[in-house]
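Here's a quick tour of how some strands and helices fit together in this one. Have the viewer open as you read.

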Amino acid sequence: MSAPIQVQSVTKSYAAKKLFEEVSVTFNRGNRYGLTGPNGAGKSTFMKILSGELESDSGMISRPKRTSVLKQEQFAFEEYRVLDVVLMGNKPLWAAMVEKEQLLAKPDISDAEGERLGELEGTIAEEDGYEAESKAEELLAGLGIPDAQHERLMKEIAGGYKLRVLLAQALFGNPDALLLDEPTNNLDLDSIRWLETFLCEYEGVLIAISHDRHFLNAICTNIADIDYNTIIIYHGVYDDMVMAKGQLRSRVEQENSERQKKISQLQEFVAKFHAGTRASQVQSRKKQIDRLQLNDLKRSNIERPFIQISVKKPSGKQTLTIEALNKTWEHPGEGEDVVVCDDFHALITKGEKVAIVGANGVGKTTLCKMLAGELAPDSGGITWGHAVTLGYLAQDHREGIANGTTVQEWLHSFSPQSNLQDVRGLLGRMLFKGEEGLKPTDALSGGEAVRLIFAKLMLTQDNVLILDEPTNHLDLESIIALGDALEKYEGTAFVVSHDRELISNFATRLFAFTPEGLTDFRGSYDDYLERYATGSRGKS
């Protein structure tokens with residue numbers, strides 16, 4: 001049985017900010033841990049410390065020899081065949097295969113090299129090398145990469161596929177420990193379900209960072225939550241952790257409240273009788289006060305933005321009419337025409353919440369751009385109803401934010417008549433507090449860019465929202481706040497998302513890319529899953 005991952009007295013700080021202080025925790029084999037915490041809490045930093053990529057300020061880490069890490073350098077293997085990049089996930093096997101090929105390429109082989117070939121064959125056999133390619137192909141297929149892509153060079157495939165290949169590389173070779181930072185990024189819903197099944201059967205130590213609540217609830221046996229400058233292990237799935245964490249903090253705060261009340265009573269007694277004849281009783285009360293000092297309750301780093309998008313003026317009842325819509329485009333990396341929609345019709349009325357779902361590469365973003373007026377259809381019509389105003393969040397969240405200005409100035413430009421204090425208050429609700437409103441827009445992180453665009457939507461109060469992957473770069477607290485806002489939003493919304501919890505909670509209707517093409521499905525996401533239970537990757 002392989003060893004666990006052990007963390008002993010680890011501390012890590014950046015400048016004046018302390019992320020972890022004297023953290024000691026053990027991650028055991030057979031357990032699957034979700035590593036959670038808000039943006040900036042240090043999840044990725046801690047994962048890099050676990051993998052050995054980053055040194056801690058103090059403390060020690062021990063990990064199994066076969067520890068596999070999901071890499072993020074999607075352009076690091078451009079000259080390699082896709083299948084070979086997956087095989088690299090098993091380092092001993094790949095090294096043996098490369099050396100074997102080098103020896104066999106020689107015109108003459110010495111006796112010593114012949115013996116070495118025998119040793120390499122033994123290593124390859126021990127590592128199941130003769131079934132390696134078929135297992136690699138299974139992983140790639142499960143992650144939605146078509147067979148036609150497997151023999152291509154990495155530089156010849158689309159960017160979304162590159163990241164899936166790196167995920168397959170991390171999963172390959174039966175590692176003893178598996179460290180995955182946002183493994184569901186760039187995966188469609190079918191691939192996410194496949195990955196959940198795969199990971200639930202994994203027997204080593206799994207630690208995964210994810211902003212997908214449904215994913216964490218599906219795979220986790222434990223949650224390792226980063227808060228209060230430490231890591232607290234909770235048993236169960238993400239939802240169990242949220243409940244337990246709330247109960248823990250409520251209990252400590254209640255105990256502190258009761259202690260504070262008792263201390264106040266004792267202090268009143270001491271103040272009243274300190275100069276009187278009850279000196280012994282006063283001394284006794286002072287000792288009780290010393291014993292009742294409050295627990296040192298470190299401040300939680302969890303902050304949830306307050307997202308509430310109002311509608312300034314409602315649209316007409318018939319909000320959107322789509323008639324005989326057709327659009328075809330060339331799929332990057334494949335050279336094949338992809339039919340986004342073919343004679344698609346739909347009538348959307350005021351207040352409907354539409355989730356746009358389907359596999360990667362089928363045209364969800366193309367559809368959003370057509371709805372937003374940024375891309376013309378090949379034929380057919382998109383007609384917005386009376387008094388419609390559009391609020392648009394593009395998939396590239398930075399696309400709509402001008403550089404060369406500050407957060408505050410950019411937001412104020414959309415409503416110059418607004419009081420600057422109101423603009424600052426709005427930024428504060430989206431976690432841009434104090435001087436952060438003066439931050440240059442050029443320096444925004446992905447999560448900050450999304451929150452700033454939501455601040456803009458809260459300011460402009462449009463009656464139709466078109467949101468393309470709004471949860472990208474958001475932490476779980478922000479995603480929950482967004483879900484609440486979409487449920488309460490009184491306008492009409494079109495949202496592309498792979499967050500199943502979000503879709504299930506807000507969507508009343510779906511534009512779904514199915515094997516039959518783009519379908520207007522009237523009903524909830526759960527109803528849709530029942531109907532299409534077998535799943536499909538759509539057209540590719």
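## Strand pairs, a sheet and a helix crossing

Let's start with a hairpin: strand β8 (residues 222-227) pairs with strand β9 (residues 230-235) through six bridges, in the antiparallel sense. Keep in mind that this is a predicted model. To get the register, take Ile-223, whose bridge partner in β9 is Tyr-234. The turn has two residues between the strands, and Tyr-228 there takes a positive phi near 55°.

Next up is β10 (residues 318-330). Nine bridges join β10 to strand β11 (residues 337-349), and the two run antiparallel. Strand β13 (residues 379-384) also pairs with β10, again antiparallel, over five bridges. For anchor points, Thr-321 has Leu-347 as its bridge partner in β11, while Glu-323 has Gly-381 as its partner in β13.

As background, strands of a sheet pair through backbone hydrogen bonds, either parallel or antiparallel. A parallel case turns up here too: β12 (residues 353-357) and β16 (residues 492-496) are paired that way over four bridges. Lys-353 is bridged to Ala-493 of β16.

Here are the pairs side by side:

| Strand pair | Sense | Bridges | One bridge partner pair |
|---|---|---|---|
| β8 and β9 | antiparallel | six bridges | Ile-223 and Tyr-234 |
| β10 and β11 | antiparallel | nine bridges | Thr-321 and Leu-347 |
| β10 and β13 | antiparallel | five bridges | Glu-323 and Gly-381 |
| β12 and β16 | parallel | four bridges | Lys-353 and Ala-493 |

Now for the sheet that holds β12 and β16. It's an open sheet of six strands with mixed pairing, in the order β14-β15-β16-β12-β17-β18. Which strands stand at the edges? They are β14 (390-393) and β18 (517-522); each has a single partner strand, so one side of each is left without a neighbour in the sheet. From one strand to the next, the twist averages 15°.

On to the helices. The axes of α13 (residues 420-429) and α14 (residues 446-460) come within 9 Å and cross at roughly 130°. Why does that count as oblique? Only angles over 145 degrees would be called roughly antiparallel and 65 to 115 roughly perpendicular, with the rest oblique, so α13 is oblique to α14. The crossing is right-handed. On the α13 side, Leu-426, Leu-427 and Arg-429 make the contact, and α14 brings in Leu-452, Ala-455, Met-458 and Leu-459. By type, the contact residues come out as six nonpolar, no polar and one charged.

Note on methods: Residues are numbered from 1 along each chain as its sequence is written. This is a predicted model: local features need pLDDT of at least 70, side-chain atom pairs count only at pLDDT 80 or more; totals for chains, interfaces and linings use all residues. Side-chain values use heavy atoms; hydrogens and water are left out. Axes are lines fitted to C-alpha atoms, for helices over the stretch in contact, and angles run from 0 to 180 degrees between N-to-C directions. Angles under 35 degrees count as roughly parallel, over 145 as roughly antiparallel, 65 to 115 as roughly perpendicular and the rest as oblique. A crossing is left-handed if the near helix is turned anticlockwise from the far one by less than a right angle, and right-handed if clockwise. Contact means heavy atoms within 4.5 Å. Ala, Val, Leu, Ile, Met, Phe, Trp, Tyr, Cys and Pro count as nonpolar, Asp, Glu, Lys and Arg as charged, and the others, Gly among them, as polar. Two strands pair if DSSP finds at least two bridges between them.
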